[in-house]
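I opened the notebook to record what I looked up in this structure. The entries follow in the order I made them.

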Amino acid sequence: MTVYPTNPADNLAALIRCASVTPADAGALRTLSQMLEPMGFSCEQVTFSDAGTPDINNLYARRSGNGPHLMFAGHTDVVPVGDEAAWSHPPFAATIDAGELFGRGAVDMKGGIACFVAALARVLTDGEIGGNVSLLITGDEEGPAINGSVKLLQWAAEKGERWDGCLLGEPTNPDALGDMIKVGRRGSMSGTITVDGTQGHVAYPHLADNPVRGLMTLCDALLDPPLDEGSTHFQPSNLEVTTFDTGNKAVNVIASKASASFNIRFNDHWTAESLAVEIEARLKKAASATRLRADKAEPIAFDLTWKTPVSQVFLTRDDALTETLAGSVAAVTGKRPVLSTSGGTSDARYIKDYCPVVEFGLVGKTMHMVDERVALDDLETLTAIYQRFITDWFAAARP
């Protein structure tokens with residue numbers, strides 16, 4: 001008799017013991033495949049490459065059925081452990097202590113994968129799933145995100161795969177299971193402004209041209225006024241200057257060049273294209289103001305470079321997905337989750353181009369921290385939510 005992987009804690013422990021710090025796979029995808037194959041999944045590992053980035057292993061697992069197609073998406077790569085000596089338990093030992101399972105990736109996001117696999121196993125133990133299920137799992141979410149989900153989605157779509165909805169198992173809950181479902185994300189784009197000057201001695205500024213003054217003027221123009229005050233579904237857009245650099249190692253030398261990088265998280269008042277127009281207009285207006293250069297005044301000369309990739313803002317409007325998941329959460333936890341678009345970006349920014357996507361997973365309090373851990377009770381609760389969602393979604397998604 002085939003034994004299905006119905007215990008989420010056992011599933012998670014097996015995954016944590018694979019030290020899959022980006023870009024290493026460390027056997028995590030093979031371990032996951034070994035859980036899925038006995039349940040009738042065909043599992044294919046796909047490796048993608050790109051210049052200047054490490055090769056990344058990814059997994060696409062599919063179980064065919066008669067009905068709609070549900071995708072579960074996630075990642076098995078994890079961030080570095082930091083100071084291993086600071087951990088209460090070895091970060092890849094999957095130690096259980098006082099009702100909690102410790103390990104890097106416990107909540108972000110091997111725990112979500114472990115629970116979804118256990119939920120599938122429990123549904124199959126009771127009967128059939130009711131349609132097609134696939135798992136799209138990358139090893140490149142915590143890294144450059146170049147050889148991961150974006151390429152795996154394209155690869156699967158080119159093979160003829162189509163999906164009716166996706167559940168991404170990122171840790172969405174701030175305090176307790178049932179707090180929050182993510183139904184969209186703000187967009188993200190980054191740029192760098194560079195201002196050239198003339199190097200010189202700080203005691204003889206008339207012989208030099210300090211680029212820092214002009215760069216500060218340009219940065220001020222980006223920060224004020226605010227981009228907007230928010231919208232119905234999204235918090236206000238915000239621009240943050242994240243680096244300011246002259247490459248200067250001497251305090252008595254005026255630098256020849258200064259640059260500042262910034263990142264913008266933007267709501268549905270904007271697209272990446274319209275926001276780029278706004279930023280460029282602000283810079284040009286500020287640059288037309290004069291600055292002192294030696295003994296004369298002139299406009300600020302600058303260069304603006306946009307970085308890739310750019311993430312567009314999106315909002316999922318699919319009741320069969322959002323309302324079914326919210327209902328499943330409420331049925332298990334007794335509380336109605338908030339539908340939110342807060343937080344940073346995730347691989348949902350790629351998935352939304354192929355099908356509606358929502359995000360729901362564990363509590364994220366300890367993600368990326370020393371002693372990342374998850375309560376065993378939370379693993380059971382999330383598995384129960386996923387199990388109910390799988391059954392209810394297929395019922396709701398059928399024509």
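**Entry: the small sheet.** I began with strand S5 (residues 100-102), which is joined to S21 by three bridges in the antiparallel sense. I checked one position: phenylalanine 102 stands opposite arginine 373 in S21. This is a predicted model, so I read every position here as a prediction. I then traced the sheet as a whole. It is open, has three strands in the order S4-S5-S21, and pairs antiparallel. Strand S4 (96-97) and strand S21 (373-375) are the edge strands, each pairing on one side only.

**Entry: strand S7.** Next I looked up the two neighbours of S7. Four bridges tie strand S3 (residues 69-75) to S7, and the two run parallel. Here I found alanine 73 opposite leucine 168. S7 also pairs with strand S20 (residues 357-359), again in the parallel sense, over three bridges. Which residue of S20 is the bridge partner of leucine 168? I found glutamate 359.

I then followed the side chains along S7 (residues 165-168). Gly165 and Leu167 point one way, Cys166 and Leu168 the other way. Are these four buried or exposed? I noted all of them as buried.

**Entry: helix H4.** I turned to helix H4 (residues 149-158) and asked how many of its ten residues are buried. The count is seven, so H4 is largely enclosed by the rest of the structure. I listed the buried set: Ser149, Lys151, Leu152, Leu153, Trp155, Ala156 and Ala157. I marked Lys151 in that list, a lysine that is buried. What do the buried residues of H4 pack against? I found strand S1 (42-50), S2, S3, S6 and helix H8 (348-351). S3 is also the strand that I had paired with S7. Just after H4, glycine 160 takes a positive phi of about 100°.

**Entry: nonpolar cores.** The largest nonpolar core holds 55 residues, and Phe116, Leu135 and Phe360 touch the most other members. I looked up which elements supply at least two residues of this core. Among them are helix H1 (8-16), helix H2 (28-36), strand S2 (53-63) and S3. Helix H3 (110-126), strand S6 (132-138), helix H7 (319-333) and helix H9 (376-397) are also on the list. H3 gives the most, with ten residues. I also found a second, separate core of 27 residues, including Cys219, Leu227, Phe262 and Phe266.

**Entry: aspartate 196.** I located aspartate 196 in strand S10 (residues 187-196). Its relative accessibility is 46%, so I put it down as partly exposed. The cut-off for exposed is over 50%. I also took a distance to asparagine 210. The two residues are 14 apart in sequence and 8.4 Å apart in space, C-alpha to C-alpha.

**Entry: the whole chain.** I finished with the totals. The protein chain has nine helices and 21 strands. Its C-alpha trace spans about 85 × 50 × 40 Å along the principal axes. Of the 399 residues, 51% are buried. I noted an accessible surface of about 17,200 Å², 50% of it belonging to carbon and sulfur atoms. Among contacts with a separation of 6 or more, 79% join residues 24 or more positions apart. I counted 33 positive and 50 negative side chains, and the centres of the two sets lie 3 Å apart.

Terms used: Residues are numbered from 1 along each chain as its sequence is written. This is a predicted model: local features need pLDDT of at least 70, side-chain atom pairs count only at pLDDT 80 or more; totals for chains, interfaces and linings use all residues. Side-chain values use heavy atoms; hydrogens and water are left out. Buried means under 20% relative accessible area, exposed over 50%, partly exposed in between (1.4 Å probe, protein chains only). Two strands pair if DSSP finds at least two bridges between them. A nonpolar core is a set of buried Ala, Val, Leu, Ile, Met, Phe, Trp, Tyr and Cys residues joined through side-chain atoms within 4.5 Å. Contact means heavy atoms within 4.5 Å. Accessible areas come from the Shrake-Rupley method with a 1.4 Å probe; for residues, only the protein chains shown count as cover. Lys and Arg count as positive and Asp and Glu as negative; His and the chain ends are not counted. The place of a charge is taken as NZ of Lys, CZ of Arg, CG of Asp or CD of Glu.
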